[in-house]
Amino acid sequence: ITPKAGQVFEPLFVAESKQYSLPNGLLSRVAFQESRYNPRAFNKTSNASGMMQLVPKWFPGVDPWDVTQAVPAAARELSTLYRRFGSWAKALAAYNWGQGNLNKYAITPYGDAWLQHTPRETYNYVINVCRDTGIKI
């Protein structure tokens, strides 16, 4: 499932996915969506850094530029978000948009229709990652 550009990271994706019980291919697909597997990616608007686009203030002690730290941190976060929200689609939306935003602006006011009330970027993120990994929305 991992394209050629991300193959060098595949052993790390597989190991961390097993460690945190993530669906097959999810971690790789998130890395692709976030940075196209670029460990030097940076978003100056959000300060999201590295291949997994971690915001340093939310991941203290993790070097987002070091894939051996960033990938496990992202896997742990996705696992935590899944346990909190009960679905991988919602976990992905929270990873992209923030769990506070997801709760306040989509889940609480709209319930099952939450996805239609996320920003276009988040909507597309969830749709694309779920489609490519076979995850039910």
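**Helix α2 and its surroundings**

Of the 10 residues of α2, 7 are buried, so this helix is largely enclosed by the rest of the structure. The model is a predicted one, and the account below starts from this helix and works outwards. The buried residues of α2 are Leu26, Leu27, Ser28, Arg29, Val30, Ala31 and Ser35. Their cover includes α1, α3, α4 and α6. Directly after the helix comes arginine 36, with a positive phi near 55°.

One of the buried residues of α2 carries a charge, and its partner can be named. Arginine 29 forms a salt bridge with aspartate 132, with 2.7 Å between the closest N and O atoms. This pair connects distant parts of the chain, since arginine 29 belongs to helix α2 and aspartate 132 to helix α6, 103 residues apart. The two ends differ in their surroundings. Arginine 29 has a relative accessibility of 9%, under the 20% limit, and therefore counts as buried. Aspartate 132 has 33% relative accessibility and so counts as partly exposed.

Aspartate 132 also forms a salt bridge with arginine 131, where the closest N and O atoms are 2.9 Å apart. Arginine 131 is exposed, because its relative accessible area is 54%, and the limit for that class is over 50%. Through shared partners, the salt bridges join Arg29, Arg131 and Asp132 into one network. A search of the whole structure finds 2 salt bridges.

Which helix holds glutamate 16? Glutamate 16 is found in α1, which spans residues 10-19. Glutamate 16 is buried but has no salt bridge. The nearest side chain of opposite charge belongs to arginine 76, 6.3 Å away, while a salt bridge requires the nitrogen to be within 4 Å of a carboxyl oxygen. Leaving aside residues up to four places away in sequence, glutamate 16 touches Leu27, Val71, Pro72 and Ala75. Of these contacts, Leu27 is one of the buried residues of α2.

The segment before α1 contains valine 8. Valine 8 has a relative accessible area of 64% and is therefore exposed. Valine 8 and tyrosine 37 are separated by 29 residues in sequence, and their C-alpha atoms are 9.6 Å apart in space.

The next part of the chain holds the loops around the two strands β1 and β2. Asparagine 38 lies in the loop that runs between α2 and β1 (42-43). With 32% relative accessibility, asparagine 38 counts as partly exposed. Not counting residues up to four places away in sequence, asparagine 38 touches Gly50 and Met51. Asparagine 38 is also 9.6 Å from glutamine 53, C-alpha to C-alpha, with their positions 15 residues apart in sequence.

Glutamine 53 itself lies in the loop between β2 and α3. Is glutamine 53 buried or exposed? At 13% relative accessibility, glutamine 53 counts as buried. The backbone of glutamine 53 has a positive phi of about 50°, although this residue is not a glycine. Asparagine 47, in the loop between β1 and β2 (48-49), is another residue other than glycine with a positive phi, near 70°. Asparagine 47 has 37% relative accessibility and so counts as partly exposed.

The remaining feature is a pocket. How much space lies in the largest pocket? About 710 Å³ lies in the largest pocket. Its lining is made up of 24 residues, and those closest to the centre of the pocket are Val55, Tyr95, Asn96, Trp97 and Gly98. Several helices take part in the lining: α2 (26-35), α3 (67-85), α4 (88-97), α5 (99-110) and α6 (120-133) each supply at least two residues. The most comes from α4, with 4 residues. By residue class, the lining divides into 11 nonpolar, 10 polar and 3 charged residues.

Helix α2 thus appears in several parts of this account. α2 supplies at least two residues to the lining of the largest pocket, and its Arg29 is part of the salt-bridge network with Arg131 and Asp132. The helices α3, α4 and α6 are among those that cover the buried residues of α2, and each of these three also supplies at least two residues to the pocket lining.

Note on methods: Residues are numbered from 1 along each chain as its sequence is written. This is a predicted model: local features need pLDDT of at least 70, side-chain atom pairs count only at pLDDT 80 or more; totals for chains, interfaces and linings use all residues. Side-chain values use heavy atoms; hydrogens and water are left out. On a 1 Å grid over the protein atoms alone, a cavity is a set of points where a 1.4 Å probe fits but cannot get out, and a pocket is an open set with protein on both sides within 12 Å along at least five of seven lines; lining residues have an atom within 4 Å of a point. Grid points are joined across faces, edges and corners, and a volume is the space filled by probe spheres set on the points. Ala, Val, Leu, Ile, Met, Phe, Trp, Tyr, Cys and Pro count as nonpolar, Asp, Glu, Lys and Arg as charged, and the others, Gly among them, as polar. Buried means under 20% relative accessible area, exposed over 50%, partly exposed in between (1.4 Å probe, protein chains only). Lys and Arg count as positive and Asp and Glu as negative; His and the chain ends are not counted. Contact means heavy atoms within 4.5 Å.
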